[in-house]
Structure formats: C-alpha cells, structure tokens
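Here's a quick briefing to read with the model open beside you. We'll go through the ligand site, then the cysteines, then the strands.

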Amino acid sequence: MFIVPEKEISSLIGRAECFDAIENVFAAMARKDAYNFPVIREAIGHADALYGFKSGFDRTSLALGLKSGGYWPGNEAKGLTNHQSTVILFDADTGKVKALVGGNLLTALRTAAASSVSIKHLAPKGAKILGMIGAGHQSAFQMRAAADQCNFEKVIGWNYHPEMLSRLEEVAAELNLPFESVSLEQLGSDADVIISITSSFDPILMDAHVSGGTHIACMGTDTKGKQEVEASLVARATVFTDEIAQSITIGECQHAVADGLLTESAIIELGAVINGDHKGRTSDDELTLFDGTGVGLQDLAVASSIVDIAVAKGIAIEVDF
Ligand code: NAD
C-alpha cells in the first residue's frame, strides 16, 4: 500500500486537478455509475468530538474507500487543526488496502472545487461581483476556486464575526481584487455569485436580501440542524445539489423540505447539468442555488488523483501491508 502524508499534499495537487476530479465524479454520480454510502457521524462522548465516515464507490474510476475523521474542538489549544480526517482507498478488484492519504487539505480543496464546478455551470453570464458569507478556514479556498471560473471585478463579504473579515481581504488582494465589507442586504442585492461557508445553525441570508439572477453556493451546511439560507429563499431558487439524499437530510435543503416549501423531486443533481441531461440556468434573471453537502466520492476522487501523482513523482511511501 501507499501512504501520502498530509504534509506532502500541498505540493502534489492544485485547484485545476481537484476541479476535474470533482466535475468527473459529480457526472458519474448523475449517471448512476458512482454512489455514496450512508454517512455516519456521531458525538463519541469523549473530547467533545464528532467522528464519522463518508464512503462510496465509483465504478468508472474504481475509486473505493472512505474518509474518516471529524471535529475535535480542543485541538487548537494543542497546536492541531480542529478538523482531522484521513482517506483510505481500497483496490476494487481485491479489497486490499491501496492507500492512506492525509485528508485535511484535501477536504478544503475538494469542497472549494465543488462550489467552483457549480459556478462554472450555473453562474450568470458575465458575473462581476462575488459575495462571500463566512471568513473561516474554508473561505480562502472557496474564494480562490470561485475566481478561477469568472472574471470577478470585486469581492464583497459579510461575517458573523467581523474581526475575521481580514482573511477575505487578504485573499482578495492575492487575487488582485478589491474587497469591501458590506451588509447582508447589500451583499444579496449586489453579488452575482454568493458563497456561504459558515458553521451557522440559523439562517443568515434571507429571502428579502436577494434580488436578481444570482447563483448561490451553500457550502457550510453539512449536518442536521445547520442552516445558512432562509428556507423560502431556497424554495424560490432552482435548486441543484451534489447528492439529493444528503441535501434533504444534512444539507441546506433539509429545512425547506421539512417546512413543505420544496419537494425532493424538484432538486436537480449538478452532475445532470455536467452530463448535458439538464439545461441548468435558463435565463439571466433565474435564481440558482447549489447545495454542496460534501460527499465521500469527492474525497475518494481527489485522493485517487493525489495517489497517482505521488506515485509518479516518487513521493508516495510504499509499505508492505
Ligand atoms: P471555521 O471554524 O474556520 O469558520 C467558521 C465560520 O462560521 C466563520 O466564518 C465564523 O464566523 C462562522 N460562524 C461561527 N458561528 C457562527 C454563527 N453562530 N452564525 C453565523 N456564522 C458563524 O470553519 P470552516 O473550516 O471555515 O468551515 C465552515 C463550515 O463549512 C463548517 O460548518 C464546516 O462543517 C463546513 N464544511 C462543509 C463542507 C462541505 O463539503 N459542504 C466541507 C468542509 C467544511
């Protein structure tokens, strides 16, 4: 088996390879060539930790395996990242373990690639203003990946903790884009593309805030109870997702469906748009929303690419196991 340690990941894979891996796997999911197994996520009653598994199988690429890990809130005090995860890949022909891959940076890259894929396929033509809600660890990755898809002229942002907004300003500067901190009202009316990436349990972006043919990528809601967008705003949009089963249980759509404002059958897999089986956005003033819940197949797709590159570069550690 091969081991690719966390410290090597940044030198092995970039945004373009992650984008391709995620676009391909969303397409495979919509063709029913790839499927995710039910997610396990449990409070383990120790160290305040949330621990779980995300797993799946892609019959086209033969990626089989799981990402395991979770959230340890006390880690920061120990000099560690609170989110910890590791991907294990198996040989689909024999079941033998194939690779162990650090999953922390990979998670940020594959999550940013998912919203970036949604922006490529659903953003209004000529989108000029990117609106960011959230300024935590993931937000920097999200902004960089979004900027790969559109010629944005400006980034505007809002965060529950305003003292964190400097992160958005720094990443915007790195992208040579001006940044402005704005109210949610201004963000909703001015942004052509909005990314929400927070750990909120209450709606932040309200129906009344958003006007026009915006594309909203909801990336923070990945657990039952979390919410970033008012349910009626979700219901007003044409809704796309990575996986419908996750969208209605742990994703942003869980609330609109529970409130009877949105039916499961109205939610479209983004992969169907990639495959050309759904037309996606149909007019400039259509409101589109991507519910990016984060599926195990994304982790397997990016981990497989990392292993291939690491083996080719002689960086993967080979272990007789
Ligand atoms: P982080 O801890 O670095 O940042 C948290 C963000 O949420 C900050 O912007 C913070 O100000 C905001 N926030 C905290 N409490 C809030 C509240 N009560 N109301 C509104 N905003 C609040 O976290 P991160 O690593 O940037 O992750 C952000 C979110 O993205 C998390 O919820 C995480 O679970 C989720 N996530 C989703 C995926 C996916 O595939 N969809 C993948 C990775 C992370």
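A residue counts as near the ligand if one of its heavy atoms lies within 4 Å of it. Keep in mind that this is a predicted model. With that cut-off, the ligand is surrounded by 24 residues, and the protein buries 83% of the 860 Å² that the ligand exposes when taken alone.

**Around the ligand**

- Which residues come closest to the ligand? They are R110, H137, N159, H161 and K226.
- Two of these have side-chain contacts worth a look: an N or O atom in the side chain of R110 sits 2.7 Å from a ligand oxygen, and for the side chain of H161 the distance to an oxygen atom of the ligand is 2.7 Å as well.
- G220 joins in through its backbone, with an N or O atom 3.3 Å from an oxygen of the ligand.
- Once you've found those contacts, check the helices: α3 (104–122) and α4 (137–147) are the elements that give two or more residues to the shell.
- Of the elements, α3 supplies the largest share of the shell, at three residues.
- By residue type, the shell splits into 15 polar, six nonpolar and three charged residues.

**Cysteines**

- How many disulfides does the model have? The count is zero.
- A disulfide needs two cysteine sulfur atoms within 2.5 Å, and C18 can't manage that because the closest cysteine sulfur, in C150, is 19 Å away, too far for a bond.
- Is C18 buried or exposed? C18 counts as buried, because its relative accessibility is 1%.
- C218 isn't in a disulfide either: its nearest cysteine sulfur belongs to C253 and lies 7.9 Å away.
- Like many a cysteine you'd want to check for accessibility, C218 deserves a glance: it is buried, with a relative accessible area of 1%.

**The sheet**

- Eight strands make up an open sheet with parallel pairing, and going across it you meet β10-β9-β8-β11-β12-β15-β13-β14.
- Which strands are at the edges? Those are β10 (179–181) and β14 (268–269), each of which pairs on one side only.
- Inside that order, β8 (residues 129–133) and β9 (residues 154–158) run parallel and are joined by five bridges.
- To line up these two strands on screen, start from M132, which stands opposite G157 in β9.

Terms used. Residues numbered from 1 in each chain as written. Predicted model: local features only at pLDDT ≥ 70, side-chain atom pairs only at ≥ 80, totals over all residues. Heavy atoms only, no water. Polar contact = N/O pair within 3.5 Å; in protein donor to acceptor, adjacent residues only side chain to side chain. Areas by Shrake-Rupley, 256 points an atom, 1.4 Å probe, with all protein chains shown as cover. Helix = DSSP H or I, 4+ residues; strand = E, 2+ residues; numbered from the N terminus. Nonpolar A, V, L, I, M, F, W, Y, C, P; charged D, E, K, R; others polar. Buried < 20%, exposed > 50% of the residue type's maximum accessible area, 1.4 Å probe, protein only. Pairing = 2+ DSSP bridges.
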